[in-house]
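Me: Give me a close look at one part of this model, namely how its interior packs together. Take it slowly and keep the cut-offs in view.

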Amino acid sequence: MAAMAVVTSSSSPAYVAKQPPPPPPGIHNNKTAGYQSYNGHNHMYPPTATTTTTTTYYWEERRALDGIVLALRAAAALLSFVAVALVASCRHGDWMEFARYQEYRYLLGASLVACLYSAAQAFRSFRRMRAAASTSGSGILHFAGDQVVAYLLITAASAALPITIRMRSAVINIFTDAMVAAISLAFAAFAALAFSAIISGFRISAAAAAQPY
């Protein structure tokens, strides 16, 4: 602690008035009002208006991003679920049987994986928002998971699209209509997970730049 010595005369002893030192560079605010952390230790400093504004802005930004990610993953789960239901319902016999085509089997599997993954991630995001927990430790996993599942969806929808177009050029019925709807929903679920991956990537880059989000 820095000290200021005040000497009243040449023969009188020095009286030391202890004062809190100025905040050292690189400090970070603690949740406890009036404290700041530096190198793992708490020091008493009066909170300033700038500190309060910065902390409030950080929490508002974090809650906003968490809400967007939750909405995107819930939307991806719902869209994928409807796509699974549409593909699985196409069992009308003869050529109108989805199991006869590997493209549609792949679309069903990718949509099912996306539905389960997105639902689990949405539930975890909701619990973190309720508990105000940090997401810094699992940001890379979320980023990688969103990309992998989004890749499965876009490849499955792209593989099923050409054969569906050929079928609809010959006949338009409940089977081809259901497949078109399922493919469209798979594309929409891909877009939702892609935006979620973008936000996860932004958080990783912000953390690398020492700007926690």
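Reply: Axes here are lines fitted to C-alpha atoms, over the stretch in contact for helices, with angles from 0 to 180 degrees between N-to-C directions. The model is predicted, so to speak on trust: local features need pLDDT of at least 70, side-chain atom pairs 80 or more, while totals for chains, interfaces and linings take every residue. Numbering starts from 1 along each chain, and side-chain values use heavy atoms, without hydrogens or water.

Let's begin with H2 and H3 (helices are DSSP runs of H or I, at least four residues, numbered from the N terminus). Their axes sit 9 Å apart, at an angle of about 150 degrees. That makes the pair roughly antiparallel, a label for angles over 145 degrees. In their contact (heavy atoms within 4.5 Å) you'll find 16 nonpolar residues, 6 polar and 4 charged; Asp, Glu, Lys and Arg count as charged, Ala, Val, Leu, Ile, Met, Phe, Trp, Tyr, Cys and Pro as nonpolar, the others as polar.

Now the largest nonpolar core: 34 residues, with Tyr104, Leu107, Phe175, Met179 and Leu193 having the most contacts inside it. Such a core joins buried (under 20% relative accessible area, 1.4 Å probe, protein chains only) Ala, Val, Leu, Ile, Met, Phe, Trp, Tyr and Cys through side-chain atoms within 4.5 Å. Helices H1 (49-88), H2 (102-131), H3 (139-170) and H4 (174-208) each give two or more residues to this core, and H4 gives the most, with 11. Zoom in on Leu193: leaving aside residues up to four places away in sequence, Leu193 touches Ala76, Tyr117, Ser118, Asp146, Val149, Ala150 and Leu153.

Methods. Buried < 20%, exposed > 50% of the residue type's maximum accessible area, 1.4 Å probe, protein only. Parallel < 35°, antiparallel > 145°, perpendicular 65-115°, else oblique.
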